[in-house]
Amino acid sequence: MIARDSGIRLRDVASACGLTERTVQGIISDLEEGGYLVRSREGRRNRYEIVPGAMFRHPAESDHEIAGLLALITEPPAP
């Protein structure tokens with residue numbers, strides 16, 4: 001959801017995913033610590049940007065960027 005809308009509220013992510021807002025905050029914090037997301041402030045809201053060249057951590061996938069997976073799941077389906 002963040003890949004589609006970097007200004008999305010965590011409350012909206014939590015609602016759409018059926019999770020608590022606190023759980024989503026924890027996931028976002030983990031992604032920030034892992035170097036996958038960068039958080040910035042715009043007025044009273046947070047904006048989340050995905051780090052473009054971030055690589056998967058698992059050794060079997062460590063030579064692949066997460067951008068490929070995100071493109072696959074965020075692109076609209078072909079007609």
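Here are two short exercises on the pockets of this predicted model.

**Exercise 1. Work out how big the largest pocket is, what lines it, and which class of residue dominates the count.**

*Solution.*

Step 1: Start with the volume. The largest pocket comes to about 500 Å³.

Step 2: Find the middle. The lining has 22 residues, and those closest to the pocket's centre are Met1, Ile2, Leu31, Ile50 and Leu70.

Step 3: Look for the helices. At least two lining residues come from each of α1 (10-17), α2 (21-33) and α3 (66-74). Of the contributors, α3 gives the most, with five residues.

Step 4: Sort by class. You should get 18 nonpolar residues, two polar ones and two charged ones.

**Exercise 2. Now do the second largest pocket: which elements line it, and how do its residues divide by class?**

*Solution.*

Step 1: Volume again. This time the figure is about 240 Å³.

Step 2: Go to the centre. Out of 13 lining residues, Arg9, Leu10, Glu21, Asn46 and Tyr48 are the closest to it.

Step 3: Check the elements. Two helices, α1 and α2, and two strands, β1 (37-42) and β2 (45-50), each supply at least two residues of this lining. The largest share is from β2, which brings three residues.

Step 4: Sort by class once more. The lining of the second largest pocket splits into seven charged, three polar and three nonpolar residues.

Step 5: Put the two side by side. The largest pocket's lining counts 18 nonpolar and two charged residues, while the lining of the second largest pocket counts three nonpolar and seven charged.

Definitions and conventions
Residues numbered from 1 in each chain as written. Predicted model: local features only at pLDDT ≥ 70, side-chain atom pairs only at ≥ 80, totals over all residues. Heavy atoms only, no water. 1 Å grid on protein atoms, 1.4 Å probe; cavity = no way out; pocket = protein on both sides within 12 Å on 5 of 7 lines; lining within 4 Å. Points joined across faces, edges and corners; volume = space filled by probe spheres on them. Helix = DSSP H or I, 4+ residues; strand = E, 2+ residues; numbered from the N terminus. Nonpolar A, V, L, I, M, F, W, Y, C, P; charged D, E, K, R; others polar.
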